[in-house]
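Here are my notes on the model you sent, written as numbered points. Please read them with the structure open beside you.

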Amino acid sequence: MEHLTKRYGSLLALDDLTFHVAPGELFGFVGSNGAGKSTTMRIILGVLAADSGRVLLGDEPLDFSARRRIGYMPEERGLYPKMKVGAQLQFLAALHGMTPAAARASARAWTERLGIDERFDDNVADLSLGNQQRVQLAAALVHDPAVLVLDEPFSGLDPVAVDVMSDVLTEKAAQGVPTIFSSHQLDLVQRICHRVGIIASGRMRALGTVDELRSRNGSTLTVRGDQSPGWAQGLPHVSETSYEPGCTRLRLADGADDQLILTTALAQGAVHEFARTTPDLTELFREVVSA
Ligand SMILES: Nc1ncnc2c1ncn2[C@@H]1O[C@H](COP(=O)(O)OP(=O)(O)OP(=O)(O)O)[C@@H](O)[C@H]1O
């Protein structure tokens with residue numbers, strides 16, 4: 001995706017958005033409600049046109065036939081409620097050019113993999129919402145896509161279904177399929193994604209591996225002990241973020257010397273706990289979005 005811009009009337013929904021997802025990569029796309037994630041995904045699919053910018057697959061602009069090779073899970077789930085699960089999947093596979101036999105085999109294989117094979121002959125509308133979502137994932141996968149684009153695939157799933165979905169996405173990415181999904185479940189994104197993009201008001205505010213993003217704002221050091229207020233003042237690359245009797249929290253930038261901090265703390269009183277943590281994706285998200 002390069003320099004995507006999209007306006008809805010006077011609203012600038014995407015503002016010069018650029019990012020790449022490599023083969024083999026699981027990319028987590030996160031942002032507040034209305035940030036522009038679904039708009040971006042619809043543009044990738046070609047169901048919505050960008051005002052400017054382009055979507056490339058490898059070095060080639062995505063044309064109609066390349067777009068047929070994308071597996072897509074739309075935010076507004078798009079299944080036929082009165083059609084049977086298996087028939088629906090076979091129909092979608094056939095639409096993508098599979099022979100009837102290959103379509104049937106693929107529909108069977110994916111319903112088994114996703115734990116819904118017993119519902120093969122049931123109407124989609126008779127399944128629970130979580131199981132409908134599994135069918136929706138099967139619909140995105142049934143034609144053996146070269147790229148996966150999934151809009152909030154984890155929303156509304158129970159923990160077992162979350163695990164199944166995570167495993168499938170991890171597996172597809174490992175097979176070389178560039179996989180992008182949006183989610184508000186940041187702990188999950190942090191756990192399974194190789195790279196993450198944080199979008200706010202249509203702009204990409206942070207982009208990188210989870211470790212890169214987590215380390216870019218330094219780390220936090222919690223010191224529990226008998227120090228007086230301001231004890232860490234003047235230590236290089238250290239800023240005090242909070243003090244209360246018995247507990248100080250410090251923000252450490254690159255180059256901060258933890259041993260110097262410890263000896264300084266000990267010179268003031270006992271130290272009962274000395275713990276360094278890097279911000280998790282949720283904290284980082286809050287900082288990036290509120291900046
Ligand atoms: N068809 C439309 N017409 C007008 N405005 C739209 C349309 N679709 C989206 N928008 C607006 O564009 C902005 C981006 O919406 P989008 O659905 O891409 O956000 P999102 O990041 O997917 O949000 P969410 O997490 O809530 O799904 C929002 O302000 C939304 O109201």
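1. A term is needed before the ligand is discussed: helices, at least four residues long, and strands, at least two, are DSSP runs that are numbered from the N terminus. With that naming in hand, the largest share of the shell around the ligand can be traced to α1, which supplies 3 residues.

2. Please keep in mind that this is a predicted model, so its confidence scores belong at the start of any reading. The protein chain has an average pLDDT of 92, and 100% of the residues score at least 70. Within the chain, the mean is lowest in helix α2 (residues 64–67), at 82, and highest in strand β9 (residues 179–182), at 97. For the model there are also two scores, ipTM 0.96 and pTM 0.86.

3. As for the overall build, the protein chain contains 10 helices and 15 strands, and its C-alpha atoms fill a box of roughly 75 × 45 × 30 Å along the principal axes. Of its 291 residues, 36% count as buried. Among contacts with a separation of 6 or more, 68% are made by residues 24 or more positions apart.

4. Which residues are found around the ligand? They are Y8, L11, A13, G31, N33, G34, A35, G36, K37, S38, T39 and E75. Two elements, β2 (11–17) and α1 (37–45), each supply at least two residues of this shell. Sorted by class, the shell residues comprise 4 nonpolar, 6 polar and 2 charged.

5. The chain is divided into domain 1, covering 2–209, and domain 2, covering 217–290. How far apart do the C-alpha centres of domain 1 and domain 2 lie? The distance between these centres is 41 Å.

6. The two domains do touch, since 10 residues of domain 1 are in contact with 6 residues of domain 2. On the side of domain 1 that touches domain 2, the elements giving two or more residues are α7 (186–192), β10 (195–200) and β11 (203–209). By class, that side of domain 1 has 7 nonpolar, 2 polar and 1 charged residues.

7. When you return to the structure, I suggest following two places in turn. One is the shell around the ligand, to which β2 and α1 each give at least two residues; the other is the side of domain 1 that touches domain 2, where α7, β10 and β11 each give two or more.

Conventions: Residues are numbered from 1 along each chain as its sequence is written. This is a predicted model: local features need pLDDT of at least 70, side-chain atom pairs count only at pLDDT 80 or more; totals for chains, interfaces and linings use all residues. A residue is buried if 20 or more other C-beta atoms lie within 10 Å of its own, exposed if 12 or fewer, and partly exposed in between; C-beta atoms are placed from the backbone. Two residues are in contact if their C-beta atoms, placed from the backbone, lie within 7 Å. A residue is near a molecule or strand if its C-beta atom, placed from the backbone, lies within 6 Å of it. Ala, Val, Leu, Ile, Met, Phe, Trp, Tyr, Cys and Pro count as nonpolar, Asp, Glu, Lys and Arg as charged, and the others, Gly among them, as polar. Domain bounds come from an automatic or database domain assignment. pLDDT is the predictor's confidence in each residue, from 0 to 100.
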